[in-house]
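Thank you all for coming. I would like to walk slowly through one protein chain today, so please keep the picture in view while I talk.

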Amino acid sequence: GALRHDRYSDYGTSTTPKLSFKWRAAPTFAFRGSYAEGFRAPGPAENGNSATAGFAGYLQVTSGNPDIKPEKAKSYNLGFVFEPTPSSSIVFDYYKVVRTNEIIGADGTLVVGPTQGTGTPLTTVPGQLPNSLIVYDENGDIDAIFAPYINGGKTITHGFDVEAKQRVDLGEMGRVTGTVNWNHIRRFARIIDGLAYEYAGTHGPFVLSSAAGTPKNKLSFDLTWDYAQISSTVRMNYVGSMRAIDHFGAPYDPEATEGV
């Protein structure tokens, strides 16, 4: 068990615990798990007197919010380690992370919603998020959006990691180790005002994901040869397919909120 206490001059204090266990049920088999809480303090750009800008077909400007609160998180892990021989092992870990008070920037999908993709030319109107604005150009298309950082709903992520490893002794030629890693994301949902936006299996919006997006499956295979003082590794990576959309679910498919 562990307990941590932090104090930040610009928002206050946080106390976060962690509990973990490992039970060796047999010489070759063990269960393990953990529960932990965490937080993320807002940064200077999020609670200060500043703004950031990006471009995703139109200008997206996010301004600081001095009333922003820190994000909080709870994480759960449960898995096992199986070592049938001294040279082989299989590890399985299931994880779930729930983040609340999530700090949200000027996400165009959330600010515009399903009905404000076009508007009256050369007008500025309120967006779907509090204190947000949408600016339309001379053709009635979106020219820019403005929104402060806010504490939105929550994000739920869960999936599992699997690692399989096998080592082969080659005698005077050293040894070869093969390792396979598989990460599967079952769910990556952001819930705001009771509506779920599912990002697993999509490239995600500009403000949430990197260029790599959020594929449901990632695999890697490593083959390492150790000989004397030399170690050589060959690696192959596989990234699962993704839909070229911002997200599944609300507001375009309300039924996708079920089971979140």
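Let me begin with Leu122, which is exposed, because its relative accessible area is 66% and anything over 50% counts as exposed. You can find Leu122 in the loop between helix H2, residues 108-112, and strand S9, and its backbone deserves a second look, since Leu122 has a positive phi of about 55° although it is not a glycine. I should say at once that this is a predicted model, and that the values I quote are computed from it.

Where else does a residue other than glycine have a positive phi? Ala228 is such a case, with phi near 55°, and it sits in the loop between S16 and S17. Ala228 is exposed as well, with a relative accessible area of 68%.

Strand S9, which borders the loop of Leu122, brings us to a sheet. Five strands form an open sheet in the order S4-S5-S11-S10-S9, and the pairing in that sheet is mixed. Which strands stand at the edges? They are S4, residues 51-55, and S9, residues 124-126, and because each of them has a single partner strand, one side of each is left without a neighbour in the sheet. Going from one strand to the next, the twist averages 20°. Within this sheet, strand S5, residues 59-63, and strand S11, residues 142-148, run parallel and are joined by five bridges; if you look for Thr62, you will see that it stands opposite Ala147 in S11.

Now let us turn to the aromatic rings. How many aromatic pairs does a search of the whole structure find? The search finds 11, and I will take you through two of them. In the pair of Phe29 and Phe82, the ring centres are 6.2 Å apart and the planes meet at 55°, so the pair is tilted. This pair links distant parts of the chain, for Phe29 belongs to strand S3, residues 29-40, while Phe82 belongs to strand S6, residues 71-85, and the two are 53 residues apart. Phe29 is partly exposed, at a relative accessible area of 22%, and Phe82 is also partly exposed, at 30%.

The second pair is made by Phe160 and Trp182, and it is edge-to-face, with 5.0 Å from centre to centre and 90° between the planes. Here too distant parts of the chain are linked, with Phe160 in strand S13, residues 154-169, and Trp182 in strand S14, residues 175-192, 22 residues apart. Is each partner buried or partly exposed? Phe160 counts as buried because its relative accessibility is 14%, which falls under the 20% limit, whereas Trp182, at 33%, counts as partly exposed. The four residues I have just named belong to one aromatic cluster, which is formed by Trp23, Phe29, Phe31, Phe80, Phe82, Phe92, Phe160 and Trp182.

Trp182 also leads us to the surface, where it is one of the residues making a nonpolar patch of about 700 Å², together with Val180, Leu219, Phe221, Leu223, Val234, Met236 and Tyr238. At least two residues of the patch come from each of S14, strand S16, residues 217-227, and strand S17, residues 230-239. Phe221 lies in strand S16, and with a relative accessible area of 30% this residue is partly exposed. That is where I will stop, and I am happy to go back to any part of the picture.

Notes
Residues numbered from 1 in each chain as written. Predicted model: local features only at pLDDT ≥ 70, side-chain atom pairs only at ≥ 80, totals over all residues. Heavy atoms only, no water. Pairing = 2+ DSSP bridges. Helix = DSSP H or I, 4+ residues; strand = E, 2+ residues; numbered from the N terminus. Axes fitted to C-alpha atoms, helices over the stretch in contact; angles between N-to-C directions. Phe/Tyr/Trp six-rings, centres within 6.5 Å; stacked < 30°, edge-to-face > 60°. Buried < 20%, exposed > 50% of the residue type's maximum accessible area, 1.4 Å probe, protein only. Patch = residues over 30% accessible without salt bridge, like charges linked within 9 Å, V, L, I, M, F, W, Y side chains within 5 Å. Areas by Shrake-Rupley, 256 points an atom, 1.4 Å probe, with all protein chains shown as cover. Salt bridge = Lys/Arg side-chain N within 4 Å of Asp/Glu carboxyl O.
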